[in-house]
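Welcome! Here is a friendly tour of some enclosed spaces, a helix and a pair of cysteines.

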Amino acid sequence: MKDSATHGARLITLVAAMTLTLGAVNVQAAGTEHPGTTPGEMRYKGAPVPIKPEEAKETVSPKAPAVSAEEFTHAKQIYFERCAGCHGVLRKGATGKPLTPDITQPKGTEYLKAFIGYGSPAGMPNWLTSGALTEAEVDLMARFLQHEPPVPPEYSLADMKASWKVLVPPDQRPKKQQNDLNLSNLFSVTLRDDGKIALIDGDSKKIVSTIETGYAVHISRMSASGRYLFVIGRDAQINLIDLWMKEPANVAVIKVGLEARSVETSKYKGYEDKYAIAGTYWPPQFVIMDGDTLEPKKIVSTRGMTVDTQEYHPEPRVAAIVASHEHPEFIVNVKETGKILLVNYEDIDNLKMTEIGAARFLHDGGWDVTKRYFITAANQSNKIAVVDSKEGELEALVDVGKIPHPGRGANFNDPKFGPVWATSDLGDEGIAVIGTDPEDHKANAWKVVRTLKGQGGGSLFIKTHPKSTNLYVDTALNPDEKISQSVAVFDINNLDKGFEVIDIAGMAGLGEGPKRVVQPEYNEAGDEVWFSVWSGSKQESAIVVLDDKTRKLKAVIKDKRLITPTGKFNVNNTMHDVY
């Protein structure tokens, strides 16, 4: 006990004395939240990486403290589950600081134990005092971080082709729709922890079917024709689903890497349904595929120099991808380098790309109402980048609140400032409203014309519809239960009035569970808005449907197959970029 107390006192003294390269360290009581980073941010940043620890090649550094083979395996698992989402798979730094041996070895084991255990005001969690890691695990991680980072394998064209399966060849698929579903009002709903999506009929509110997909589905995207549904999971598996079949089902599948977030299809006139593209977090690259079979055709690495300091980054992950309506191009966000790529697919054998320097840590975004301007968040830079897809150039960088996280954002006509696009924030309660009309409202274009105050931080999605006068903002990652289980709704015609709080989780009538309310999504007509009430995999979840005009409950969808519902994608709205 005496040795333990002495060791603890030494750590606290060390922590209090140091303010070094890795960031100032903060000592705090056990179990307290980290003061420099909201719990919502940590839930967002600290998501596990779906890379199997055994796949990562180990490199032992002679100058680093000893780590046994068994310890190395355990440390890799902790790192991929707890740390890689923030510091990067290769520890080169992402939203968190770099943790490479040239930095960690000079600090030494005792410093690193203090840093890991007690955290820092810059955003490092207090893994020991919060109870997330034991003293032995903190000691292990302090030694592990002084070795070279284990490197996951690359993922080649041969690897992709080995995983690629065409389950139903195109010539054996229906020539016309074989079911009586109203496809325009069909919803693809992510069942995050069940490895499936649910197709829900927007008219009857009934589950049509559930379809096997990959791990932790991230998004669903529609082909330009509205026939094919593309689903990508965080494990980088893509499922191609034919909605024309009598019973919609997978017709092709491929794994394009080890971790991914984004998929999109060609939409430019003359190229509808011709190509698909997917971007991966690991390896850092994107691949262009045939749109009706997923056959991989062209892989492009995104490794390169950062837009600000012009330094090489080995792990720039591919975030949002959208299909241009102005040219036969895909618009690709490269997260860590801060570059936006305009990838022309007219001739993929002689690929042409326009590189646009924006700001680092590009994440999600969407189109303005004209579908000319791509508006996207550089989240850790606290900026919104605007790209003119017609001219192929950066139009503006707009300073906004802390960690903007718009999803695809929300377009509406502000009664005072004209056409605008809005984003909520993960890191604070702000909602930035940005002017988007450089022709008729030039003075307001690409400026924050007003900042609304929402319920708090932890927002993931903001949404409205061209036929609606409501603006909904979720706060799914807010640590306050009442806030995370409700939404704020603004009257677009009276934004100065503030918001109304709607207790969505209360409407669902569920039992135990976190019941986080996430991602407003409209139906085709724009007169209903759907919310996921997201609980644990062993707990009951639901989807709540509101009458948009009255803001009153219209339906609650419950089903034993509705396991951890999160994202919902209406076919019509997704196909036509309506948001």
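The report below looks at the cavities, then at helix H3, then at its cysteines.

## Spaces inside

Keep in mind that this is a predicted model. Rolling a probe the size of a water molecule over the atoms shows where empty space is left. Here the count comes to 2 cavities of 30 Å³ or more. The largest cavity holds about 70 Å³ of space. Its lining is made up of Ile 78, Arg 82, Cys 83, His 87, Leu 99, Ile 116, Met 124, Trp 127, Leu 133, Met 141 and Leu 145. By type, that lining divides into 9 nonpolar residues, 1 polar and 1 charged.

The second largest cavity holds about 30 Å³. Around this space you will find Lys 463, Thr 464, His 465, Glu 521, Tyr 522, Asn 573, Val 578 and Tyr 579. In the lining of the second largest cavity, 3 residues are nonpolar, 3 are polar and 2 are charged.

## A helix with a kink

Which helix gives the most to the lining of the largest cavity? That is H3, residues 69-87, with 4 residues in the lining. Many positions in H3 are buried, including Phe 72, Ala 75, Lys 76, Ile 78 and Tyr 79. Further along H3, Phe 80, Cys 83, Ala 84, Gly 85, Cys 86 and His 87 are among the buried residues too.

Now look at the shape of H3. The helix has 19 residues, yet its end C-alpha atoms are only 23 Å apart, short of the 27 Å that a straight helix would reach at 1.5 Å a residue. H3 also has a kink of about 50 degrees, centred on Phe 80. After the helix comes Gly 88, which has a positive phi, near 90 degrees.

## Two cysteines, no bond

A disulfide is a covalent bond between the sulfur atoms of two cysteines. How many disulfides does a search of the whole structure find? The search finds 0. Cys 83, for one, is in no disulfide, and the nearest cysteine sulfur, that of Cys 86, is 8.9 Å away.

Why is there no bond between Cys 86 and Cys 83? The sulfur of Cys 86 has its closest cysteine sulfur in Cys 83, but the two are 8.9 Å apart, so they are too far for a bond; a disulfide needs the sulfur atoms within 2.5 Å. Are these cysteines buried or exposed? Cys 83 is buried, with a relative accessible area of 14%, and Cys 86 counts as buried at 13% relative accessibility. Cys 83 also brings us back to the start, as one of the residues that line the largest cavity.

Notes:
Residues are numbered from 1 along each chain as its sequence is written. This is a predicted model: local features need pLDDT of at least 70, side-chain atom pairs count only at pLDDT 80 or more; totals for chains, interfaces and linings use all residues. Side-chain values use heavy atoms; hydrogens and water are left out. On a 1 Å grid over the protein atoms alone, a cavity is a set of points where a 1.4 Å probe fits but cannot get out, and a pocket is an open set with protein on both sides within 12 Å along at least five of seven lines; lining residues have an atom within 4 Å of a point. Grid points are joined across faces, edges and corners, and a volume is the space filled by probe spheres set on the points. Helices (H or I, at least four residues) and strands (E, at least two) are DSSP runs, numbered from the N terminus. Ala, Val, Leu, Ile, Met, Phe, Trp, Tyr, Cys and Pro count as nonpolar, Asp, Glu, Lys and Arg as charged, and the others, Gly among them, as polar. Buried means under 20% relative accessible area, exposed over 50%, partly exposed in between (1.4 Å probe, protein chains only). The expected span of a helix is 1.5 Å times one less than its number of residues. The bend at a residue is the angle between axes fitted to the seven residues ending there and the seven starting there.
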